[in-house]
Amino acid sequence: MTRSGKKSTKASRPELSRLELAVMDTVWKQGQCSSAEVIAAFQKQRPLAPTTIRTVLANLRKKHYIEPVPAIERGFRWKASVSRSTVARRTLREMLKNLFQGSPRQAIACLLCDETISDDEMREIRQLLEDRTAGKKRSP
């Protein structure tokens, strides 16, 4: 529930900060996990105090991105309550709006100018475009 008494929906969830997104990435990779497991996995990528990571997990819970899972052990186990693809779509829509004046064409042109796209990735992009033109929809 939000302060207004309304149930929080996907659309009304606050956006994630970079650090929150990085911790969410760890949660998505771990699946159901304890705070200690998140801390251990996260610290392999980036040294950060355990208390900071626990604070981020608490914020993610308040924002309804993670939820506790019933467990017999002491402490909570966490799981993502929002999928990576849902967050990716929302973030991409915001980037399109803010960086590319809402134009997917400008965003795609920017990506295609990037020389780090491999030939295999270019073939996959062509296939996605062909599938879209043929009326087939596929998740990335």
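Helices and strands are runs assigned by DSSP, with at least four residues for a helix and at least two for a strand, and they are numbered from the N terminus. With that in hand, we can start on this structure, which is a predicted model.

## The overall plan

The chain has six helices and three strands. If you walk along the sequence, you meet them in the pattern α-β-α-α-β-β-α-α-α. The chain has 140 residues, and 25% of them count as buried.

Let us look at one helix in detail. Helix α6 covers residues 119–133, which makes 15 residues. At 1.5 Å a residue the expected span is 21 Å, and the end C-alpha atoms are indeed 21 Å apart, so the two values agree. Just after α6 comes G135, whose phi is positive, at about 90°.

## Pairs of opposite charge

Side chains of opposite charge can pair when their charged atoms come close. How many salt bridges does a search of the whole structure find? The search gives seven. Here are three of them, with the distance from N to O.

| Pair | Distance (N to O) |
|---|---|
| K63 and E20 | 2.7 Å |
| K79 and E67 | 3.4 Å |
| R123 and D120 | 2.2 Å |

Begin with K63 and E20, which form a salt bridge. This pair links distant parts of the chain: K63 sits in the loop between α3 (50–62) and β2, E20 sits in helix α1 (residues 18–30), and 43 residues separate them. Are these two residues buried or exposed? K63 counts as buried because its relative accessibility is 18%, and the cut-off for buried is under 20%. E20 is buried too, with a relative accessible area of 6%.

The salt bridge between K79 and E67 also links distant parts of the chain, with K79 in strand β3 (residues 77–80) and E67 in strand β2, twelve residues apart. K79 is partly exposed at 32% relative accessibility, and E67 is partly exposed at 31%.

For R123 and D120, the setting is a single helix: both lie in α6, three residues apart, or about one turn of the helix. Why does such spacing suit a pair? An α-helix has 3.6 residues a turn, so residues three or four places apart point the same way. D120 itself counts as partly exposed, at 47% relative accessibility.

Salt bridges can also join up: D25, K29 and R84 are linked in a network of them.

## Rings and their neighbours

A pair of aromatic rings is described by the distance of the centres and the angle of the planes. The count for this structure comes to one aromatic pair. The rings of F76 and W78 have centres 5.1 Å apart and planes at 45°, so this pair is tilted. The two partners can also be described by their accessibility: F76 is partly exposed, at 45%, whereas W78 is buried, at 6%.

F76 has another neighbour as well, since R61 lies over the face of its ring, at 5.0 Å from the ring centre. In a similar arrangement, R13 lies over the face of Y65, at 5.7 Å from the ring centre.

## Surface and interior

Next, a look at the surface. L92, M95 and L99 form a nonpolar patch there, and together they have about 290 Å² of accessible area. One of the three, L99, belongs to helix α4 (residues 84–99) and is exposed, with a relative accessible area of 54%.

For a contrast, turn to V69 in strand β2 (residues 66–69). V69 is buried, with a relative accessible area of 13%. Its C-alpha atom is 9.5 Å from that of S34, although the two residues are 35 apart along the chain.

## Two loop residues to find

Which residues other than glycine take a positive phi? H64 is one of them, with phi near 70°. H64 lies in the loop between α3 and β2 and is partly exposed, at 30% relative accessibility. Q101 is another, with a positive phi of about 50°. Q101 lies in the loop between α4 and α5 (104–112), and it is exposed, with a relative accessible area of 62%.

Notes
Residues numbered from 1 in each chain as written. Predicted model: local features only at pLDDT ≥ 70, side-chain atom pairs only at ≥ 80, totals over all residues. Heavy atoms only, no water. Phe/Tyr/Trp six-rings, centres within 6.5 Å; stacked < 30°, edge-to-face > 60°. Buried < 20%, exposed > 50% of the residue type's maximum accessible area, 1.4 Å probe, protein only. Lys NZ or Arg CZ within 6 Å of the ring centre and 35° of its normal. Expected span 1.5 Å × (residues − 1). Patch = residues over 30% accessible without salt bridge, like charges linked within 9 Å, V, L, I, M, F, W, Y side chains within 5 Å. Areas by Shrake-Rupley, 256 points an atom, 1.4 Å probe, with all protein chains shown as cover. Salt bridge = Lys/Arg side-chain N within 4 Å of Asp/Glu carboxyl O.
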